[in-house]
Amino acid sequence: MKEMELEEKVLQFIRDNGMVEPGDDVTAALSGGADSVALLWILRKLAPELGFSLRAAHFHHGIRGAEADRDAEFCRDLC
């Protein structure tokens, strides 16, 4: 699926389900994996059109050692 097609599908899903109102604060969970990064990227592009502010939240469980540290660093750098 192309990026624009996915973005349009997410936009339509948000609208169809009344998920976001102008002025809302949206927090996206960001693990650092492909799915959460893609969602954050799309939400970042849609925020101006839908009128919401966007944040990302990453939770470091501390149970995967250095790999979890790398995930947290990646998320911090991405944001």
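A search of the whole structure, which is a predicted model, finds four salt bridges. Two of these contacts join helix H1 to helix H2 and are described first, followed by the remaining charged groups, the second helix, the cysteines and the overall layout.

## Salt bridges between H1 and H2

Glu7 and Lys45 meet through their side chains in a salt bridge, with a distance of 3.1 Å from N to O. Because Glu7 belongs to helix H1 (residues 3-16) and Lys45 to helix H2 (residues 34-50), this pair ties together parts of the chain that are 38 residues apart in sequence. The two partners are placed in unlike surroundings: Glu7 is buried, at a relative accessible area of 10%, whereas Lys45, at 35%, counts as partly exposed.

A salt bridge also forms between Glu49 and Arg15, whose closest N and O atoms are 3.0 Å apart. Here too the pair links distant parts of the chain, with Glu49 in helix H2 and Arg15 in helix H1, 34 residues apart. Glu49 is partly exposed, with a relative accessible area of 48%, and Arg15 is likewise partly exposed, at 45%.

Leucine residues add a further point of reference between these two helices. Leu11 lies in helix H1 and counts as buried, at 12% relative accessibility. Leu11 and Leu46 are separated by 35 residues in sequence, while their C-alpha atoms are 7.2 Å apart in space; Leu46 is one of the buried residues of H2.

## The network around Arg64

Arg64 and Asp71 meet in a salt bridge between their side chains, with 2.5 Å from N to O. Arg64, Glu67 and Asp71 are linked in a network of salt bridges, and Arg64 itself is partly exposed, with a relative accessible area of 42%.

The loop between strand S2 (53-57) and helix H3 (65-78) contains His61, which is exposed, with a relative accessible area of 58%. His61 and Ala72 are 11 residues apart in sequence, and the distance between their C-alpha atoms is 10.0 Å.

The relative accessible areas of several charged residues and of His61 are collected below.

| Residue | Relative accessible area | Class |
|---|---|---|
| Glu7 | 10% | buried |
| Lys45 | 35% | partly exposed |
| Glu49 | 48% | partly exposed |
| Arg15 | 45% | partly exposed |
| Arg64 | 42% | partly exposed |
| His61 | 58% | exposed |

## Helix H2

The 17 residues of H2 should span 24 Å at 1.5 Å a residue, and the end C-alpha atoms are 24 Å apart, so the expected and the modelled span agree. A kink of about 30° is nevertheless found in H2 at Arg44, shortly before the proline Pro48. Arg44 also takes part in a contact with an aromatic ring, for this residue lies over the face of Trp41, at 5.2 Å from the ring centre. By contrast, the search for aromatic pairs over the whole structure finds zero.

The buried residues of H2 are Ser36, Leu40, Ile42, Leu43, Leu46, Ala47 and Leu50. Just after H2 the chain reaches Gly51, which takes a positive phi of about 75°.

## Cysteines

The structure holds zero disulfides. For Cys75 the closest cysteine sulfur is that of Cys79, and because the two sulfur atoms are 6.6 Å apart, they are too far from each other for a bond; a disulfide would need them within 2.5 Å. Cys75 is buried, at 3% relative accessibility, whereas Cys79 is exposed, with a relative accessible area of 63%.

## Overall layout

The secondary structure of the protein comes to three helices and two strands, and from the N terminus on these elements follow the order α-β-α-β-α. Along its principal axes the C-alpha trace spans about 40 × 30 × 20 Å. Of the 79 residues in the protein, 24% are buried, among them Glu7, Leu11 and Cys75.

Definitions and conventions
Residues are numbered from 1 along each chain as its sequence is written. This is a predicted model: local features need pLDDT of at least 70, side-chain atom pairs count only at pLDDT 80 or more; totals for chains, interfaces and linings use all residues. Side-chain values use heavy atoms; hydrogens and water are left out. Helices (H or I, at least four residues) and strands (E, at least two) are DSSP runs, numbered from the N terminus. Buried means under 20% relative accessible area, exposed over 50%, partly exposed in between (1.4 Å probe, protein chains only). Rings of Phe, Tyr and Trp (its six-membered ring) pair if their centres lie within 6.5 Å; planes under 30 degrees apart count as stacked, over 60 as edge-to-face and the rest as tilted. A charge sits over a ring if NZ of Lys or CZ of Arg is within 6 Å of the ring centre and within 35 degrees of the ring normal. The expected span of a helix is 1.5 Å times one less than its number of residues. The bend at a residue is the angle between axes fitted to the seven residues ending there and the seven starting there.
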